[in-house]
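I opened this model to look up how its chains meet and where a handful of residues sit. My notes follow the order in which I checked things.

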2 protein chains.
Amino acid sequence: MDSRDSDITRAAYAGGMPHDLLSRLTAELGPHVTTDPAALEATRLDRSGWRSAHVPLALVHAASVDEVQAVMRLAHETRTPVVPRGAGTGLAGGAIASAGAIVLDLSRMNRVLEVSEADELAVVEPGVLNGDLNDAIAPLGLWFAPDPASRAISSIGGNIATNAGGLLCAKYGVTRESVLGLAVVLADGRLLRTGHRTVKGVTGYDLTALMTGSEGTLGVIVEATVRLRPRVSGDIVTVAAMFPDVEAAAAASAAVTSARIRPAMLELIDAAGLARVAEYLGAPALEDTPLASLAPGETFLLAQTDAAGAAEEATAIAAIFAQAGGRVSTSTDAASGERLVAIRRAMHPALASRGQVLIEDVAVPRSRLPEMFRAIERIGAAHGLVIPTLAHAGDGNLHPNFVFDGEPGAVPEHVWAAADEMFREAVRLGGTLTGEHGVGVLKRRWLADELGEDSFELQRGIKALFDPTGILNPGVMFEVAA
Amino acid sequence: MDSRDSDITRAAYAGGMPHDLLSRLTAELGPHVTTDPAALEATRLDRSGWRSAHVPLALVHAASVDEVQAVMRLAHETRTPVVPRGAGTGLAGGAIASAGAIVLDLSRMNRVLEVSEADELAVVEPGVLNGDLNDAIAPLGLWFAPDPASRAISSIGGNIATNAGGLLCAKYGVTRESVLGLAVVLADGRLLRTGHRTVKGVTGYDLTALMTGSEGTLGVIVEATVRLRPRVSGDIVTVAAMFPDVEAAAAASAAVTSARIRPAMLELIDAAGLARVAEYLGAPALEDTPLASLAPGETFLLAQTDAAGAAEEATAIAAIFAQAGGRVSTSTDAASGERLVAIRRAMHPALASRGQVLIEDVAVPRSRLPEMFRAIERIGAAHGLVIPTLAHAGDGNLHPNFVFDGEPGAVPEHVWAAADEMFREAVRLGGTLTGEHGVGVLKRRWLADELGEDSFELQRGIKALFDPTGILNPGVMFEVAA
């Protein structure tokens, strides 16, 4: 799994583009085709910290469904691999250059084609950024609920391709629950339409759900009909608390659930993470926040309630946090609430600012959170690693961050060994090795372990059905046969 | 499509059970196997009003996963069709005897295996009735949200097999959104596990969603891990109104959506339906309800709001209904609210009490409801049919009821001709021929029309992948090759 294999890299550069294919691509797509080395180089990366060993043959910036179909028809005819790519913000290497591939960049397909207020839906091209759609529909009192932390920079096509999660899933669901229908270009260039413009619809198998989370391995999403909701009105109340250790914070989180309260957001940052955040934000930014007087080992838990009932829920949560031993701060005004949420938001920049980091993404049943935290601590100690961890505590999704020194784009083997132990522990606890980032190339070697042999075989069968020649994002999810 | 083909019926009875298969089934499953003619006869029916032309070879009341696996292994070896069946409450002929089949009845697998309060989930066998699970978890303050009108009598396995909808979907989602994971016996007897005990999880393709709504054609659901929610607390407020015609009521419904209000329930009954309900319930039951002074052509619209904010939302809805020309009644107490909902609940019994009825299930985008109502009226007039119609107006799902004279179990061709026109109109308006009941045998001849050729072909491919010998519920969704 070393991305610095210079033989492979040289071979990819030297191989170049088969002349016939390049000339045909250019004939059909003109200036939307590029072989500029810098542009090709950029497609080797996403936001995972991983770098592909390969440079693609060409990069196509498709501007229409027709162009995507043209690319796929040519690729199909010539058996050329195609990597569909959106905003490049993936965290699992699911949309980075692979050997001998055309990278099919969809970021120029960024039009909101329709907003129906009456039907509470939007029809969008895949390159529309999540945040841009929300900006466009906010004045109408509407909201697209999927809320990955990357919403300002990630595309809706990418959100769908990974079935993106985020901070609000326990209350508002994952991306799949906001996708009504798709238009998908199949491996041979045909255009498939799935789903409906209605909330209900059970005609045949749910290909919309099958495509959601399929990471570009079954088709290229070129249009999505997404469900909108009324914007949540009323107050947003923020409750933050510091706990003496991570077990106490996890217990407080579980107590909120047991009280049958479902906050919109319930986020946890462990002591190692908090130390990084405090250092990154600096003392002035932390004044009047719970981090101003941070004791060693302390863990941060942040809840936000919304809509009618927000105040009562927040009061109940504050009481639960205090009962569980937390130092509690409650904010009912937007500005001071935002200062508390800013602590959470600073986690990734704080980590990225110092050394290399592999952001992991296990999920476990909520009740197993304390065990998972203990396992992460144990694994870190055994491998000599610091693993600052953030959790969407409301839905049991943890992001352990493996921090290490080294060259960009390479993850040392001892880090993978630690990650391997962590994945196995998450699965043993009834969880999964990826809650929301996807399998990509980074986690494919654990896929069969989690799924089991029968499921893995059926999934390979589905892949073969949709992509019989194996040209769609080869190496993502499944190993490429040697 | 005539179920009274006595030649086929006689052949099925006379053919009997191949001796070897019967003796092997009995050796493995003992008294859980029956060939009692009355028991076999009962499997020809569901609640659709349709009757299968076939009597099955045997009926097995499986009591365990092992027994289901034993049946499937034998069926696989002998190429015997298997019809998975739950509570028999289907409305599309999706679980009724087919030619030469073993009917695999799962109603005895009715244990709630686990309720996890901390993880807000339950693990159930497929035969657990929806209402029974809700009764069991209500004391814990938990709720299983899928709410088909049949919830008291329909099984959770059947709810999942059809991706059942119901009255609360616009606010609380369809069944798929409450299914976290499944155990499924495959066509050859292997046991497949899908999904997770977590809200999030994106390892591989979403086989849980693929199985949900697959109507027994891909595997036999033997266990489900379902998501529970906190019970909705606080008041429930009911707002009912009578409108002079169906267009005015549909416009009022649209105005609620436009005001960004999402009631828990928004139900509409047209004039033809109301006339039946009024007759069925009788004058004393209608005292103090809007139906006490029913004028010809009047349409009934019923909204219910819940949770924090219920009162404010109800006030806003009442104002919108009045503005749209409705005679409005609002109930804040449970008893008088229940009297209003009872009008809605009486619709199906009222229809079933007089003659034969084919309950249809189209869905259209909410904004197209007035057009769909006009189309139904036009089609009824053209075919000399009365089509009392009920709509889940909040999500655009209509149940036009084709009322006709005739023998039980047979739908006359002129009724199918009218249904055919209605299906095509729903699809033309951006909708679907089945919102929540499924395709079954009744609507399979329209499946390819709605899906289009490419999707239909892929769906057949998925069927062939999971069921290569075609023994799982043959004739449901797809025609059996001659």
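These entries go from the pairing of the chains to single residues.

**Entry 1: the two copies.** I am working from a predicted model, and I keep that in mind throughout. I superposed chain B on chain A and found that a rotation of 180° with 0.0 Å of shift along its axis does it, at an RMSD of 0.0 Å. That is the relation of a two-fold axis. Looking in chain B for the C-alpha nearest the axis, I arrived at Ala308(B), which lies 2.6 Å from it.

**Entry 2: the extent of the contact.** I noted that the size of an interface is often given as the accessible area lost when the parts come together. For chain B and chain A that area is about 6700 Å², with 56% of it on carbon and sulfur atoms. On the chain B side I looked for the residues that lose the most area to chain A, and these are Lys200(B), Tyr205(B) and Arg260(B), which together make up 15% of what that side buries. By residue count, chain B puts 82 residues into the contact and chain A puts in 81. Do the copies meet through the same surface or through different ones? Because 99% of the interface residues of chain B are also interface residues in chain A, I conclude that the copies meet through the same surface.

**Entry 3: what holds to what.** I counted 16 salt bridges between chain B and chain A. As one example I picked Asp206(A) with Arg176(B), where the closest N and O atoms are 2.8 Å apart. For polar contacts between the two chains, the count is 44 residue pairs, both residues of each being at pLDDT 80 or more. I then went through the elements of chain B that each supply at least two residues to the side touching chain A, and among them are helix H7 (169–172), strand S9 (191–195), helix H8 (207–211) and helix H17 (447–451). Helix H18(B) gives the most to that side, with ten residues. Sorted by character, the residues of the chain B side divide into 32 nonpolar, 28 polar and 22 charged.

**Entry 4: backbone angles.** Before going on, I reminded myself that most residues other than glycine have a negative phi. Arg260(A) has a phi near 65°, a positive value in a residue other than glycine, and I located Arg260(A) in the loop between helix H9 (246–258) and strand S13 (265–269) of chain A. Its relative accessible area is 16%, so Arg260(A) counts as buried, the cut-off being under 20%. Met477(B) is not a glycine either, yet its phi is positive at about 70°. I found Met477(B) in the segment after H18 of chain B, buried with a relative accessible area of 0%.

**Entry 5: two loop residues.** Thr89(B) sits in the loop between strand S3 (82–85) and strand S4 (102–105) of chain B, and with a relative accessible area of 15% Thr89(B) is buried. Setting aside residues up to four places away in sequence, I see Thr89(B) touching Arg47(B), Ile153(B) and Ser154(B). Leu294(A) belongs to the loop between helix H11 (283–286) and strand S14 (299–305) of chain A, and at 32% relative accessibility I list Leu294(A) as partly exposed. Apart from its neighbours within four places in sequence, Leu294(A) is in contact with Met242(A), Leu274(A) and Ala278(A). I also checked Leu294(A) against Ala53(A), 241 residues apart along the chain, and their C-alpha atoms are separated by 42 Å.

Key
Residues numbered from 1 in each chain as written. Chains lettered and ligands numbered in written order. Predicted model: local features only at pLDDT ≥ 70, side-chain atom pairs only at ≥ 80, totals over all residues. Heavy atoms only, no water. Helix = DSSP H or I, 4+ residues; strand = E, 2+ residues; numbered from the N terminus. Buried < 20%, exposed > 50% of the residue type's maximum accessible area, 1.4 Å probe, protein only. Contact = heavy atoms within 4.5 Å. Least-squares fit on C-alpha atoms with pLDDT ≥ 70 in both. Buried area = accessible area lost by both parts, 1.4 Å probe. Salt bridge = Lys/Arg side-chain N within 4 Å of Asp/Glu carboxyl O. Polar contact = N/O pair within 3.5 Å; in protein donor to acceptor, adjacent residues only side chain to side chain. Nonpolar A, V, L, I, M, F, W, Y, C, P; charged D, E, K, R; others polar.
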